[in-house]
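Visitor: I am new to this structure. Please take one part and look at it closely, then show me how the rest connects to it.

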Amino acid sequence: MSRIAAKFAALKAEGRGAFIPFLEAWDPDSATSMAILRGMPGAGADLIEIGCPFTDPMADGPAVQLAGLRGLKAGATMARTLAMVREFRREDDTTPVVLMGYLNPIDSYGIERFTTDAAAAGVDGLIVVDLPSEEADLLLPHATARGLDVIRLVAPTTDVARLPLVLNGGSGFVYFVAITGVTGTRTASAAELEAALPLIRAATDLPVAVGFGLRTPAQAAEAVRVADAAVVGSALLDTLLASLDEQGRAGPNTVRLVLDQVRALSEAVRAARVPA
Amino acid sequence: MRDRAGRLGYDGELTGETATVNTIPLSNSPPFSNSPPFSNSLRSGPDGRGRFGDFGGRFVAETLMPLVLQVEQAYAAARADPSFQAELDYYLKDYVGRPSPLWFAERMTKLLGGAKIYFKRDELNHTGAHKINSCMGQILLARRMGKTRIIAETGAGQHGVATATVCALFGLPCTVYMGATDVERQSPNVFRMKLLGAEVRPVTSGAGTLKDAMNDAMRDWVANVQDTFYIIGTVAGPHPYPMMVRDFQSVIGEESKVQMRAVEGRLPDVAVACIGGGSNAMGLFHPYLDDTDVRLIGVEAAGHGVDTKQHAASLTMGRPGVLHGNRTYLLQDEDGQIQEAHSISAGLDYPGIGPEHSWLHDIKRVEYVSATDDEALAAFQMCTRAEGIIPALEPAHALAHVAKIAPTMREDEIILMNLCGRGDKDIFTVAAALGVTL
Ligand SMILES: Cc1ncc(COP(=O)(O)O)c(C=O)c1O
């Protein structure tokens, strides 16, 4: 069983939803982002999503855009992002790690070589934002052959008739982009989530994570009342940004502040109690 | 909570637009990718996946994908509907001022001493460039789809002005994304757009040029999928845009064929156009693709020189990758990070190129060359003095190449150049480059 499947199975047995924090690789520098990554499981992360910096993140709002630019400025590359995961795996063999990024840096690395190296580094799943189902055959065979889960995105604009196509070949979990918009801009209402989730569940047995726009512990808790996981990204990046000095360097409290927030979010998710 | 299309969203605003598009019987659509397996026409692309060879496609987030498919369906229906073409023809003739003249540039011909030079004068279109050809087609499609808000990206501001213009004509609200650097260097066009009632949003991410404006326009589109139509300014973006914009711009090449035959009794030996995203060039070239005796030359912006880091020559110096919804040649580093382009001309300052050009490059049907800032500036001045036509800095790049090849050709040979924009918008840039304070 993949790490992702094992984790969701374990959480299901526990009767609770998952909390998935997001960080951008090398934001604002290699050591700080490594320290945040290492600290996340201890602070309550059930799975971790790592953003791969890209110059033109078209589906992302200002927080992720800025984080990507900080990462690139610090020297992030695809190879270095994979090295981060390899380093993390030396001490953590259970927390699933999902890479989120755009196709071009992966394509540039070489899709086949990338899936090989990512799997070897201990990556469990891939979210490629600008690779819709219509183009997914570029990645799917390579990822599947190496045991990497390809996590499909479902959006509020996704037609029910389209769902089977969108979910085809996906594994690990399904990522429901809860809003029509870029990351970190708006928050979906409970009613919106309650309306959408049953339609997705009818089309798949995979766990469903909700992301894009969750900011507070209360919102994360609300999300796991209907979904299996809550992803929080921009709110953590905003905290990181606020902790930087004028030159954009990590402050003495950067790691602690981000991890404190991870802890608060995870506690809320743990207390939410998913009804069976 | 489920709308008629059965979408997962909750937005009660979904209006008749969805219903209209969804009720188009698929059997009525023309063969959308008219690429029969044994077609020997170079004009038959793209295929059903929106690809020209290895290039093109639909690399957008899932949120946009249903919308992109909707545009594809609506365009297929419009294309098959004679009343759509009739409506477009009406506006192109009486509002845009088509057909644009074919001008024998006699003094330039004498000056350069060689091939006869003709200009296809798309700078005489309403709003002063070729951009309005495609804006008109796209806004008519947006209206058919029941969209009530228009967005666009712009570099030089010509596409923004053309979009703002058609929005004023049809009374639709318009938001134009423009890089902050370009807002600065194309201020007359910014003011024009505002006069036309458009909102201009300066984009500060990246270098604040066309690429960044396109990113923000796509972000706006993702956030406003239900009511908004994105009028893309060049033959880029996800399928069907490269095909659709090409189709709307092909009026340039089609007219020129008729005009050349009328004036010279034959087609030109060479057709030359500048390339930013490649729409004016594709509009000129596409009708000639199967006329293999006609040499086609696209001129990219070499900025300070293709051997420097400051140029916009994606085909000459780039390699294939994926940006803004399609696979194409891009300026990028080893890690697949997109590099900033540079050109004195804001309209050419783009690190990518339309996917059909990438394919035409690979199969060698079109030659792609480049001209530097300085060469374009010289051509700009030469054209102004010799012909009394102030060209935009974009076609000045094409002209710079014409100036290189005309003297090497015989006097009975013919060069056709797309004079795709007028230069009023550029006089401040040119003055600064020439050290003149206005
Ligand atoms: C006059 C003119 N020519 C050319 C271009 C470049 O675009 P394209 O290559 O799509 O024709 C622009 C873009 O703004 C323009 O304004």
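Guide: What follows is a walk through a predicted model, with the contact between the two domains of chain B as the part in close view.

Start with the division itself. The domain assignment splits chain B into domain 1 (55-89 + 131-244) and domain 2 (97-128 + 249-433). Each domain is written as two stretches of the chain. Taken over C-alpha atoms, the centres of domain 1 and domain 2 of chain B are 22 Å apart. Domain 1 of chain B brings 38 residues to the contact, and domain 2 of chain B brings 42 residues.

Now the area. Domain 1 and domain 2 of chain B bury about 3000 Å² between them. Carbon and sulfur atoms give 59% of that area.

Next come the polar links. Between domain 1 and domain 2 of chain B there is one salt bridge. The count of residue pairs in polar contact between these two domains is 11, with both residues at pLDDT 80 or more.

Which elements build the domain 1 side of chain B, with at least two residues each? They are β2 (55-59), α5 (131-144), α6 (158-170), α7 (180-185), α8 (187-195) and α9 (210-223) of chain B. Of the side of domain 1 that touches domain 2, α9(B) gives the most, with six residues.

There is also a salt bridge to find by name. The side chains of B:Glu340 and B:Lys211 meet in it, at 3.8 Å from N to O. B:Lys211 falls within the range of α9 (210-223) of chain B.

Look inside next. The largest nonpolar core has 165 residues. Its residues with the most contacts inside the core are A:Phe173, A:Phe176, B:Leu141 and B:Phe229. Domain 1 and domain 2 of chain B both give residues to this core, so the core lies between them. A second core of 32 residues is separate. B:Phe119, B:Val270, B:Ala371 and B:Ala400 are included in that second core.

The core's list of names has residues of chain A as well as chain B. That leads to the contact between the chains. Chain A puts 48 residues into this contact, and chain B puts in 46 residues. About 3700 Å² is buried between chain A and chain B, with 54% of it on carbon and sulfur atoms. On the chain A side, A:Met58, A:Glu135 and A:Thr157 lose the most area to chain B. Together these three make up 18% of what that side buries.

Polar links cross here too. The rule finds six salt bridges across the interface of chain A and chain B. A salt bridge joins the side chains of A:Glu135 and B:Arg51, at 2.4 Å from N to O. Across this interface, 24 residue pairs are in polar contact, with both residues at pLDDT 80 or more. Several elements of chain A give two or more residues to the side that touches chain B: α3 (62-74), α5 (103-109), β6 (152-154), α8 (163-167), β7 (174-177) and α9 (190-203). Here α9(A) gives the most, with six residues.

Finish with some details of the backbone. In chain B, a cis peptide bond joins B:Arg98 and B:Pro99, with omega about 0°. B:Pro99 sits in the loop between α3 (82-96) and β3 (102-104) of chain B. Chain A has a cis peptide bond between A:Asp27 and A:Pro28, with omega about -5°. A:Pro28 is in the loop between β1 (18-24) and α2 (30-39) of chain A.

Positive phi values also appear. B:His324 is not a glycine, yet its phi is positive, at about 50°. The loop between β11 (319-323) and β12 (325-330) of chain B holds B:His324. Its relative accessible area is 0%, so B:His324 is buried. In chain A, A:Phe212 has a positive phi near 75°. A:Phe212 lies in the loop between β8 (208-211) and α10 (217-226) of chain A. With 8% relative accessibility, A:Phe212 counts as buried.

One last loop in chain B gives a contrast. B:Gly146 is in the loop between α5 and β5 (149-154) of chain B. At 36% relative accessibility, B:Gly146 counts as partly exposed. B:Gly146 and B:His311 are 165 residues apart along the chain, and their C-alpha atoms are separated by 40 Å.

Terms used: Residues numbered from 1 in each chain as written. Chains lettered and ligands numbered in written order. Predicted model: local features only at pLDDT ≥ 70, side-chain atom pairs only at ≥ 80, totals over all residues. Heavy atoms only, no water. Helix = DSSP H or I, 4+ residues; strand = E, 2+ residues; numbered from the N terminus. Buried < 20%, exposed > 50% of the residue type's maximum accessible area, 1.4 Å probe, protein only. Core = buried A, V, L, I, M, F, W, Y, C linked by side-chain atoms within 4.5 Å. Domains from an automatic or database assignment. Contact = heavy atoms within 4.5 Å. Buried area = accessible area lost by both parts, 1.4 Å probe. Salt bridge = Lys/Arg side-chain N within 4 Å of Asp/Glu carboxyl O. Polar contact = N/O pair within 3.5 Å; in protein donor to acceptor, adjacent residues only side chain to side chain.
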